[in-house]
Amino acid sequence: MSLVIATTAVVTAAMVFPTGVKAQQAARFRLYAASKAMEICERNACANVANPALDHEACAPWDVGYTYRSQSSDLETKVSGHRFGMHPLPVTIARRLDSDEDEIQRLLDDGGYLYYFAATGGGSWREDTVPQSPPDDAQRVIVGVQGYAQNNAVNAFPLKAWPYSVPYPSPPTFMIHGTGDVAGPGGAPRGRCEFLPSAPAGLEAWQGGAGVSYLWEAVSQPGDADLVASRMVFTSKAGESADGLAYGYKPYFDAPSAESATRYLQAALWWCERLGAGALADFIAPSDATRPIEDFSRSSLPPHKQVLALRYLAHAGLTMTRWFPYAGGLDDGVAIPSALLAGQPSPELTLTHELIVFWHATSLHLAHRFAASYPYDWGAPRPLERAIMTDYPLFEYDLFAPPIGGTIAGSTTHADQWRLLTPQPVKNLGRSMSYPGFDIDNATWTIAGGGASGIWSQGDPTTGSGRTRFSLCAPFAASERCRQLVFWAVDWMSYEDAETAPSAPVDASKYPKWAPIQEWGTPWDFARMMNAAGSGPGWSPDTWVDHHLHTWRNPEKQLLYTRDMAGPDGVDGTGDDVGTGSDVTTDMVGNTDWSSFPKDQGAAPEPVRVFNGLYGADRNFNHRLDRGPLPRTTRLRAQTIGRWNYYDTRVHVQLR
Amino acid sequence: MTERAFTLLELMIAIAIGAVIAGMVIAAARMASDCVTAGNRLAIENQLIGAGVLAACDEIDSWKAYDDPDGGQPLRAMSGPRGLPFTPLAQTWAAAGVAAAWDGGESAWSMHNPRAWWRGCMAERAGSDPVNGFYGVSGASVPIGEPAPTYARYGTPPQPPPVLSGAWQHDMVRGLEPALGMYGLIDYLPANAIYGYYGAPNAWTTEGGVPHWMTVGALPAPQALYPATYNDVFSIVPRNPAAGTGGPADIATTVRARWQTWEGGGSLAANVRDLIDRNEHRDVLMPIAPAHWPRVSARIVRTIHKAYFTNACTVAWTSPLTGATSELRFTGFGTTLRGARQSRGLDGP
């Protein structure tokens, strides 16, 4: 009996005492999880994931990255990048983890990932500037996101990345696609203007003969002769002026002088009159120049044309202050004679300092009012100096209409995409800056137009519009925007392949791709658009500046191994493996300089393997190859340690 | 009469059982002792790490390492004609010579309010010929109540009427940097602010007087926040800064410094190290504690980089047994500088 009692006591003690240790360990993990939950939400809400190196426009929605999932506003897609501290756990490892109610496996079955926390930390620092740090104990905590992602807003219209922003006032927007030095044999341009089979109108040779420059406003609205004529504000052509002189902004910029500035102003006045005789009389000769005109009631012209007219007029007027002094000049007034351009005279007037100030103020008032009053009228660019959230139109995919389809540029591969919904019709949609020969709203494109094959969602039987299904502005319950972060504790780094297991499958949309482009008269094929590692002729390097691309690339990019750690035979455990504990500093993709980019970029087999993380990664960022003691056949139990609900936005926002 | 006694075998069995029991008890006791020791150690560590996390979270909310209402407040001083991050606005604004008082109300900066508009020329860079004209004359730089600047080639035009003037926006931007430094300037201005203002022409500006950029050596053109902070990091120095690798820390200089992290080439790790050295607040928890307790510290560095306000926290603990150090690193939500100042009543009524 005493033996039984003693044994029971000992066994009980042996079972009870470790629970205290386990409880303390769980408390530690809860602490980690709480800190990391705050971090994840903070980065999701506050980090800037701007991608200035991306192509933002194409001729089909599947040819531009904005429509990809990697650009969605979901927490995991935004935070799981190489700079924001959360990486997908290799699925081969995640599949070995057991959890309460098999939650982990169900999450994986649903297409989700588990994530571990980057030892590099985060916070938008360039990775190679981050000092190596002691081990991050929080790597033993992993997290998953429960709850389905929503139908998020599309960041921008994929065929025209509105809003376009220009300074107000300013001259017409001069665009260059490529430069003269990239013209190929025979002068064929390299760029996007002539990518489409039909040559765009309005191409010029202002930058040196390659024929790939144009004025955006002049070509922006197909069939609008007024806007085509705005080219005169930029420059007249030979024979257009009665006196044989060159008029407009470009001649002034090429040879600045009082005379050329005056001719620039005359060209701006000419275009005002070209829009309609006397239509802008209240602006050109105001009855009270001490107060700006603040709305569009003083002219019968459509608002966007009033905005453009005052933009040019105010800029031309201000240039005169560079050449005519106030005292004895613009104080009393400088006579601006009429000029005969293209058979039409420009208004003559006496230019004063007061009038210049009035034009400038009126230009700002009209531009601001236009942007605020007509968020879906794209007839005039937004003022660069007042960028604001309402400049960005709302788009969402209509998941209840059949998708549109077509061919991926440079290939024969078919692609589909959902149609788009907006809260109100886009007015003056026009052409894009990247593809000025492409009429988005007209039938020059196989899927264009508002008809049955168009990109806009089809009409609702009751309203004639698909907009009844537009939900971004609809009321919602808090529960509809709620998703959950679930944290588990598990020592996954103890697996023998913790650092040699391949990365979790990389969403193909993580790979940046050029929009359609041509080179020396030949459109790039799909492989060329995907191959970012080359040093192409003319443009060198024609590579993706991937430290800009925070939500692109393999999220483990910084840590990825560039060679197989299993040794030459590619098989673990055969004796030729890279030794455990070896220094692998030079075997990582990193982000050191331009020369490192080809390691994981391009269509060649080896960079593709590295991009996809097939060789594993230095996941604890100690620059050593680590192999744990646990064989990969072992299953580990992941302990649930915390759940946090968070607000899941449908649009990109950034708090500060 | 037969004497009852243990046989040798029985005795040996009894001794063996006793030994087994004793061994088990000793093993159990040892395990219990180990568990208690480990549990105690973990509990102490957890409490200290938890305290470190709380200290970090409290700090990013309270800013006490920068301005302690109950302790040192060196960041409320003036540095010549310039203020520091916690200098009362009234004090520094007057020193900056700006006519209009700071007006930080939300409605004050509404985009429908013309006075909040930037009225300069985005195309001008320091030293460039003002071929686009003198934008300052159109209300971009003429503070109400002050004489207009004189432009060498244009002369001295009159003030525009108030309805056409951008003097308010000009004064706000012009006044904030000398008042609070770059971190404070960015913290206070709306997200779509243009950094740069017109002033009297000098050797660093165009002939028209733009841009009067607010920090030495920064981009010589009017900039929005993202391009202004793309390669540059602006930070804020705690009240007891550590000496940086670049030289002895000087609060006034460090407040106005920028750190470059040029993307795309060259290793600038030294710049980042220097930034952290100068701007990181380090708080050693319980400096006097039993020797067998781990050493725990909380560190915080606040930066603005790529338009991202970051409160980077690190809680580190060192084992007294092995000397090994582990860290928990995270970023957190915190009060803005403006919020911290307002809670201290530094922005006036």
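# Exercises on a predicted two-chain model

Pro163(A) sits in a loop of chain A, between strand E4 (141–146) and strand E5 (165–166). The model is predicted, and the exercises below start from this loop.

**Exercise 1.** Determine which peptide bonds at Pro163(A) and Pro169(A) are cis, and place Pro169(A) in the chain.

Solution.
- Step 1: take the bond from Trp162(A) to Pro163(A); omega is near 10°, and the bond is cis.
- Step 2: take the bond that joins Tyr168(A) and Pro169(A); omega is about -5°, and this bond is cis as well.
- Step 3: locate Pro169(A), which belongs to the loop between E5 and strand E6 (174–176) of chain A.

**Exercise 2.** Find the sign of phi at Phe621(A) and the element that holds this residue.

Solution.
- Step 1: read phi, which is near 50° for Phe621(A).
- Step 2: note that the value is positive although the residue is not glycine.
- Step 3: place Phe621(A) in the loop between helix H15 (605–611) and strand E20 (636–637) of chain A.

**Exercise 3.** Work out which parts of chain A are tied together by the salt bridge of Asp282(A) and Arg298(A).

Solution.
- Step 1: check the distance; N to O is 3.2 Å between the side chains of Asp282(A) and Arg298(A), and the cut-off for a salt bridge is 4 Å.
- Step 2: assign the elements; Asp282(A) is in helix H10 (residues 281–284), while Arg298(A) is in the loop between H10 and helix H11 (303–319) of chain A.
- Step 3: conclude that the pair links parts 16 residues apart in sequence, because its two members lie in these two elements.
- Step 4: set the pair in context; over all chains the structure holds 42 salt bridges.

**Exercise 4.** Describe the interface of chain B and chain A by its contacts, area and polar pairs.

Solution.
- Step 1: count the contacts; 84 residues of chain B touch 84 residues of chain A.
- Step 2: take the buried area, about 7200 Å², with 64% coming from carbon and sulfur atoms.
- Step 3: find the main contributors; Tyr154(B), Tyr308(B) and Arg329(B) supply 11% of the area that chain B buries against chain A, more than any other three residues.
- Step 4: list the ionic pairs; the interface has two salt bridges. One of them joins Arg322(A) to Asp129(B), with the closest N and O atoms 2.7 Å apart.
- Step 5: add the polar contacts, which number 18 residue pairs across the interface.
- Step 6: assign the side of chain B that touches chain A to elements; those with at least two residues there include helix H3 (167–188) and strand E7 (308–318) of chain B. H1(B) gives the most, with 19 residues.
- Step 7: classify the residues on this side of chain B as 54 nonpolar, 20 polar and ten charged.

**Exercise 5.** Identify the residues of the nonpolar surface patch of about 420 Å² and the helix that gives the most to the patch.

Solution.
- Step 1: name the members, which are Val11(A), Met15(A), Val16(A), Phe17(A) and Val36(B).
- Step 2: place Val11(A) in helix H1 of chain A.
- Step 3: credit helix H1 (residues 2–46) of chain A with four residues, the most for this patch.

Notes
Residues numbered from 1 in each chain as written. Chains lettered and ligands numbered in written order. Predicted model: local features only at pLDDT ≥ 70, side-chain atom pairs only at ≥ 80, totals over all residues. Heavy atoms only, no water. Contact = heavy atoms within 4.5 Å. Buried area = accessible area lost by both parts, 1.4 Å probe. Polar contact = N/O pair within 3.5 Å; in protein donor to acceptor, adjacent residues only side chain to side chain. Nonpolar A, V, L, I, M, F, W, Y, C, P; charged D, E, K, R; others polar. Patch = residues over 30% accessible without salt bridge, like charges linked within 9 Å, V, L, I, M, F, W, Y side chains within 5 Å. Areas by Shrake-Rupley, 256 points an atom, 1.4 Å probe, with all protein chains shown as cover.
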